[in-house]
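This briefing covers surface, helix packing, salt bridges and backbone geometry in a predicted model. The points are grouped by topic after the structure.

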Amino acid sequence: MLPYASVAEAEAALGRSLTTSEAVWFHYSARMPDYIVFFHSFLCLLIAYTLAPLPVAFLELFHPSSIASYKIQPKVRLPPASFFQCYKRVVTTFVLALSPLLLVSYPIMKLTGMRTGFPLPSMGEMAAQLVVYFLAEDYVSYWLHRFLHGKWAYENIHYVHHEFTAPIGFAVAYGHWAEILLFGIPTIVGPAIAPGHTITFCIWIILRQFEAVDIHKGYDFPLNPLKYIPFYGGPEYHDYHHYIGGQSQSNYASIFTYCDYLYGTNKGYRYHKARQAKLEQWRRTGQNGEFNATDFDDEKSD
């Protein structure tokens, strides 16, 4: 709750006039308790999760031919009921498991310095903090993901997420309730390290959800602007992890691929890509009668 009774009082405290965005924020949140303002992040999550997968899901269900050439696993086609059941299960888990976690984490975020009042963050401040949030989340999620592929954790928790061997956007948060709670932890690590405004936290939740949907959507579109981000994994990279399934010891990356490179957990994927390249080379040269059988010797997988 803002400690000002009026705009004039807020301007007197700041020693300047409120900006347009600050005036809007004042009228919206002045009498709203801070924990309610913080809980807006949950609403942002629900909205982002609902909207982000819709365009691709709509095309896949009603106009599949328009994007068929970009589907990573073209033989897998899910009925509309699968999309709906996935969405319903995820939203139920969000409400019953994740919303209490957010309420419990509010005092912690408050202690670290997250604020709801004035001044509102500048674009530069938000950008710098968001970089920290993405990097911190990515690193912590990498190790958590590796843990979930251990024998006990996979058989009791993570197997649910891998029921989608060919993922769809709505399956981004499809999983055991314990996994949803666990992956809530990396989400708040960055904001705890570099605390900012609640607005920044809400933007972070939205951006992270859109990115997570991107790598689970099951389509590799050539004009995806996220491909130009250094070390970004993308849909094709993460789809391989789902394709291999429970035995996968590769491509644990949540956002960026540098951890997989540093710790050697993308060797299976690199072998897979090298084999695909050889098959493509065989297809091209074989048609011209120039194929040499010794060029297609299997490489050893690391």
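L54 has a relative accessible area of 39%, so it counts as partly exposed. The residue sits in helix α4, which spans residues 54–62. Its C-alpha atom is 32 Å from that of H27, although 27 residues separate the two along the chain. L54 also belongs to a nonpolar surface patch, which is the topic of the opening group below.

**Nonpolar surface patch**

- The patch covers about 520 Å² and is made by L43, I47, L51, L54, I206 and F210.
- Two elements, α3 (34–51) and α10 (198–216), give two or more residues each to the patch.
- Helix α3 supplies the largest share, three residues.
- L43, one of the patch residues, is found in α3.
- The relative accessible area of L43 is 43%, which makes this residue partly exposed because the value falls between the 20% and 50% limits.

**Helix packing**

- Helix α6 (residues 123–148) and α10 have axes that come within 10 Å and cross at roughly 50 degrees.
- The two helices, α6 and α10, are therefore oblique to each other.
- The crossing of α6 past α10 is right-handed.
- A127 lies in α6 and is partly exposed, at 41% relative accessibility.
- The C-alpha atoms of A127 and W204 are separated by 10.0 Å, with these positions 77 residues apart in chain numbering.
- Helix α11 (residues 235–244) is largely enclosed by the rest of the structure, because eight of its 10 residues are buried.
- The buried residues of α11 are P235, E236, Y237, H238, D239, Y240, H241 and H242.
- After α11 comes G245, which has a positive phi near 85 degrees.

**Salt bridges**

- The count of salt bridges is 10, a bridge being a side-chain nitrogen of Lys or Arg within 4 Å of a carboxyl oxygen of Asp or Glu.
- R16 and E22 form one of them, with the closest N and O atoms 2.8 Å apart.
- In that pair, R16 is partly exposed at 34% relative accessibility, while E22 is buried at 3%.
- K110 and D34 form a salt bridge with an N to O distance of 2.7 Å.
- This pair links distant parts of the chain, with K110 in helix α5 (residues 80–112) and D34 in helix α3, 76 residues apart.
- K110 is partly exposed at 35% relative accessibility, and D34 is buried at 15%.
- R208 and E211 meet in a salt bridge with an N to O distance of 2.4 Å.
- Both R208 and E211 lie in helix α10, three residues apart, or about one turn of the helix.
- E137, R208 and E211 are joined into one network by salt bridges that share partners.
- An α-helix has 3.6 residues a turn, so residues three or four places apart point the same way.
- R208 is buried at 12% relative accessibility, and E211 is buried at 6%.

**Backbone geometry**

- Most residues other than glycine have a negative phi, and most peptide bonds are trans.
- Which peptide bond is cis, with omega near -5 degrees? The bond from F118 to P119 is the one in question.
- P119 is placed in the loop between α5 and α6.
- F231 is not a glycine, yet its phi is positive, at about 65 degrees.
- F231 is found in the loop between α10 and α11 and is exposed, with a relative accessible area of 52%.
- N251 is likewise not a glycine and has a positive phi of about 60 degrees.
- N251 lies in the loop between α11 and α12 (258–262).
- Is N251 buried or exposed? N251 is buried, with a relative accessible area of 0%.

Definitions and conventions:
Residues are numbered from 1 along each chain as its sequence is written. This is a predicted model: local features need pLDDT of at least 70, side-chain atom pairs count only at pLDDT 80 or more; totals for chains, interfaces and linings use all residues. Side-chain values use heavy atoms; hydrogens and water are left out. Patches are made of residues with over 30% relative accessible area and no salt bridge: like charges are joined within 9 Å, nonpolar side chains (Val, Leu, Ile, Met, Phe, Trp, Tyr) within 5 Å. Accessible areas come from the Shrake-Rupley method with a 1.4 Å probe; for residues, only the protein chains shown count as cover. Helices (H or I, at least four residues) and strands (E, at least two) are DSSP runs, numbered from the N terminus. Buried means under 20% relative accessible area, exposed over 50%, partly exposed in between (1.4 Å probe, protein chains only). Axes are lines fitted to C-alpha atoms, for helices over the stretch in contact, and angles run from 0 to 180 degrees between N-to-C directions. Angles under 35 degrees count as roughly parallel, over 145 as roughly antiparallel, 65 to 115 as roughly perpendicular and the rest as oblique. A crossing is left-handed if the near helix is turned anticlockwise from the far one by less than a right angle, and right-handed if clockwise.
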